[in-house]
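Visitor: I am new to this structure and would be grateful for a close look at a single part of it. Please take the surroundings of one bound ligand as the subject.

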Amino acid sequence: MASLRVAVIVKMEPDFSEGNVSYNSDGTLNRAETKNILGPHSAIACRAAFYTKVIYGAEIYVATMGPPIADSALQQAQLISNADNLYLFSDRIFAGADTLATAEVLKTGINMIQEQGKKVDIVFSGHRASDGETGQTGPQTAWKLGYTFLGNVISYYVDIENRKIRAKRLISLQGFYDIIEEVEALLPVFITVDPLYKANYDTITQRLAFMKHRKEASKKAQDYKQYLNVLNAQQLGVDPKLVGLPGSPTIVYKVEKIPKAKPTRRATMVDGSDRGQIVELATKINQVLSGAVVE
Amino acid sequence: MENYDVAIIGGGSAGLAALQHLSSLGKQAVLIEAAKTVGSKNISGGILYSKKPKNGKVFNVEDVYGEQFFHDAPVERLITKYILHTTSRDKLYSIDLTSAHKYQANFGYSVLLNSLNSWFAQIANESAEKQGGGIVPGVHVSNILFDEGKTVIETDELKEFGVKAIIAADGVNSEVADLTGARQKFSPEELYQGVKVVVKLPEDIINERFEISSEEGAAHLFAGDVTLGHIGGGFVYTNRGTVSVGAVYHYDSLMSHPTEPHELVDALLDNHLVREFIKDEVPIKEELGHGLSKEEQLKIRFGASKLLKTWDDLRTEFYSVRGRRNLIETGKYKSEQEIKARLDTIYHDLNTKYGIKFSTDYVELEYSAKLVPDGKRCRMKRPFLKNILFIGDAAGRGIFIGPRIEGLNVGIDDAVRAANAVSRSIERNNFSSDYMGEFYTKSVEESPYTRDMREIDKDYLKIFLDAAKGVPKDIIGSRYGTIIRLMSSGTLRGLAVGFANMLGYDRLLPLVESEETYVQVPTELAERLGRLVSATYTPKIMSISQRIANLQYDDDSVSHIRIIDSKSDFMKKMVVLCPTKCYSSENDEVTLQHEGCIECGTCARETQWKHPRGEKGIAYRYG
Ligand SMILES: Cc1cc2nc3c(=O)[nH]c(=O)nc-3n(C[C@H](O)[C@H](O)[C@H](O)COP(=O)(O)OP(=O)(O)OC[C@H]3O[C@@H](n4cnc5c(N)ncnc54)[C@H](O)[C@@H]3O)c2cc1C
Ligand code: SF4
């Protein structure tokens, strides 16, 4: 029996990395054409969960709410976290959900996992999504679950015996940013992971476990469907009034076009194999630095 | 503090064999390797041999990894042809030395160390895991402490840990040896510098050019004026879909009249026979979309490079038996004709749509360099200190005799012997020098490889004498005349070799390993007896800066090398001898830019030299 049980909630997002984004003619995001991936913040949450796998041998559940194709995000999440179970909450009636309605589905999902007699000690989520940017889903899910909420965590340590967690969080205080606060809380907790999160594996035993679990993860992820559970609204037993559009008090009034940056700078390509062009570039740099460069 | 039974430091082919063997003996061991992925810091020529000496036994690669070596190991080609060419400009005189290659050998495969070592690592790691050990990559050992009967290992990345025994397999520039004072740094007389480039060439073309089948491989060796007057020689080894072209030169000879290392490979690439060996159809990189707007130019270049890649990938597949079969079996193409037709279409499109022309040239993939220890001169006579056993290059153990360069098989043999010694010590819980170190030393001394580092093998010598029968005596010169006469009779040969061995390699080497042997005699041979070979093109040899730009590094912000005396003669020579031009000289002072360092060790002798921290520095793709 694993001594620690951990859930990660992740989100499939459009791939915003260069060259992968596609726009509609009106300047909004073309969701159909843009490749979908596991969101970068979700990936960080998975890395944080992987730490519990390596260090405490935790049992890991990864859950997401999304369309059926979101299973590929779960596969990526499994590859990073070496998760034991994958949950996809997918139903038409979930469409149009705002953060609160999403939190309702996630909460129900996690509770359902717990009802199978498996208490979840820590829930991880990214600190926000790249396409929604509200950063609300996490805290709202925590609130609905009734878990202690720890935001912007950059590292943590679990005291399994005393069922306590000690975490470092990045906060801003009286106008100063990047203050590190160390907090202790009783399990269960809900953690949103800061992008600066760093896992330290600093003993031989930990490194060996790290390598072992990474290998295991890639084996599992190749066969991820075997670990996948797809559940609809009815199977989850959610209240239809609390999910999807009906469950969403937020109304998106208008989405601004993705503004095209005004070209204030002009880039010139320099071919590195052309000596002439390099000399030209060097001359320009020299001019800009008003001759400060001697040679 | 954590404690483990055994730490193996360094995951080259020697360290990995030690891990595999120890694990197979049921012992727990962890292997620490600085590279992010095992194999990415190792280079070789190289031919991996398995040997069957007449007297005594060596432990071969297949003894360590078992039958699966033959089925799964990513070796390149079984070498079946071994030819020495002496050169004088475009003249060549060739001697078939296949019998020297086959001498006491089960087999010799050409290999690329990155893929081979990562396969070894996968197997060894699985075995080690079963014993509670395994491989820890990305960690650099920085110190070893002996503290109240405990041996403690410090690293740049992890908390210190204790061990009962250490196997040092950290290569020719062993920091373990340095840190513990187990031996002096090797001197130029004891070393060779090896430089290699990997050249791309489709499999079928290799078969045709080198007159071999897919199940065969060729090794061509070069001596004469291609050496640019240095003691050493060049080689061309066929891999599956690449060719390794390299040069290995006596470091002392390079110190006495410094030549930039890449020039030695370039001289080989420029040789007319080598040019013909490696030539291929290569797209000419010209500026595309001349006269168009920048945006249009970019579009065109993008399209062209995409199509070029498709052409290149498909062509590589098409020109290999396995590739062709694969394309048809996976249903991508119905027949070979169809693939050929597709290739022709792409070729035509490249030509007409993008104006890309093709010419004859060669394609270079990777440049690499490393020092190699000459075991005749520098093997550690007692390869241990306290509870640390040294193996492979770290122990200065490699065979350099004429064209024989063997470090891989020697390292594997050492590894088994060291693992046996450590295993025995674990069982007795006795890691003392007397029990472990001495036992290992005795075992290594018994190895036929050590015999090869100590004395001349008259039967091996005879192969060369027989091969040189046709050579006019006056070329061999007055110096060798007597030797040859002595050697040509069986009884006299026995006596002569016996006498020579009594003198020992130390006295003999200056005579045999001389410019006369490696440069003058071969050059004269080629000049007088050689055939003309004239290449059909002049290769555009990659510049050293292009070569460095093609390498992959993870730069460390802190330099792993510190100059001690920036005005010394040694450092001035490094400006020329560093294979990646990390040193430059200004106002009589030598300065270092460590970012381009490929960790060859050439500058190690008179600098404060370490490997970069874990995961940092060079990462080869071929090796
Ligand atoms: C051009 C050339 C041609 C050659 N041709 C042949 C040939 O044809 N046949 C043949 O048998 N041999 C050949 N050799 C020799 C052969 O390649 C070597 O003998 C062999 O690779 C050495 O293996 P090794 O395991 O002892 O050392 P290495 O392969 O050098 O491995 C040492 C490892 O230790 C790691 N390391 C070092 N210091 C530390 C530290 N402090 N902490 C953690 N890790 C560390 C390094 O990253 C490296 O991976 C050739 C060599 C060269 C350069
Ligand atoms: S700096 Fe030294 S070790 Fe690095 S590549 Fe140059 S000579 Fe080799």
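How many nonpolar, polar and charged residues does the shell around ligand 1 have?

Guide: The model shown here is a predicted one. By class, the shell around ligand 1 has 15 polar residues, 13 nonpolar residues and seven charged residues. In all, 35 residues surround ligand 1. The closest of them are Glu33(B), Asn42(B), Ile47(B), Asp393(B) and Leu408(B).

Several polar contacts can be located individually. An oxygen atom of ligand 1 has a backbone N or O atom of Ala14(B) at a distance of 3.0 Å. For Val141(B), a backbone N or O atom is found 3.0 Å from a nitrogen atom of ligand 1. His140(B) takes part through its side chain, where an N or O atom is 3.4 Å from a nitrogen atom of ligand 1. Taken alone, ligand 1 exposes 1000 Å², and the protein buries 98% of that area.

The shell may also be described by the elements that supply it. In chain B, helix H1 (13-24) and helix H15 (408-428) each supply at least two of its residues, and so much is also true of strand S2 (29-33), strand S17 (363-373) and strand S21 (404-406).

The two helices named above also pack against each other. The axes of H1(B) and H15(B) are 8 Å apart, at an angle of about 35°, and the crossing of these helices is right-handed. On the side of H1(B), the residues in contact are Ser13(B), Ala14(B), Ala17(B), Ala18(B), His21(B) and Leu22(B). They meet residues in H15(B) that include Leu408(B), Gly411(B), Ile412(B), Ala415(B) and Val416(B). Ten nonpolar and five polar residues make up this contact of H1(B) with H15(B), and no charged residues belong to it. Two residues of the contact thus recur from the account of the ligand: Ala14(B), with its backbone atom 3.0 Å from an oxygen atom of ligand 1, and Leu408(B), listed among the closest residues to ligand 1.

Strand S2 leads to a further detail. The loop between S2 and strand S3 (47-51) of chain B holds Gly46(B). A cis peptide bond, with omega of about -15°, joins Gly45(B) to Gly46(B). Most peptide bonds are trans.

For completeness, ligand 2 has its own shell. There are 14 residues around ligand 2, and Cys578(B), Cys597(B), Cys600(B), Gly601(B) and Cys603(B) come nearest. By class, the shell around ligand 2 divides into ten nonpolar residues, three polar residues and one charged residue.

Definitions and conventions. Residues are numbered from 1 along each chain as its sequence is written. Chains are lettered from A and ligands numbered from 1 in the order in which they are written. This is a predicted model: local features need pLDDT of at least 70, side-chain atom pairs count only at pLDDT 80 or more; totals for chains, interfaces and linings use all residues. Side-chain values use heavy atoms; hydrogens and water are left out. A residue is near a molecule or strand if one of its heavy atoms lies within 4 Å of it. Ala, Val, Leu, Ile, Met, Phe, Trp, Tyr, Cys and Pro count as nonpolar, Asp, Glu, Lys and Arg as charged, and the others, Gly among them, as polar. A polar contact is a pair of N or O atoms within 3.5 Å; within protein, one must be able to donate a hydrogen and the other to accept it, and residues adjacent in sequence count only if both atoms are side-chain atoms. Accessible areas come from the Shrake-Rupley method with a 1.4 Å probe; for residues, only the protein chains shown count as cover. Helices (H or I, at least four residues) and strands (E, at least two) are DSSP runs, numbered from the N terminus. Axes are lines fitted to C-alpha atoms, for helices over the stretch in contact, and angles run from 0 to 180 degrees between N-to-C directions. A crossing is left-handed if the near helix is turned anticlockwise from the far one by less than a right angle, and right-handed if clockwise. Contact means heavy atoms within 4.5 Å.
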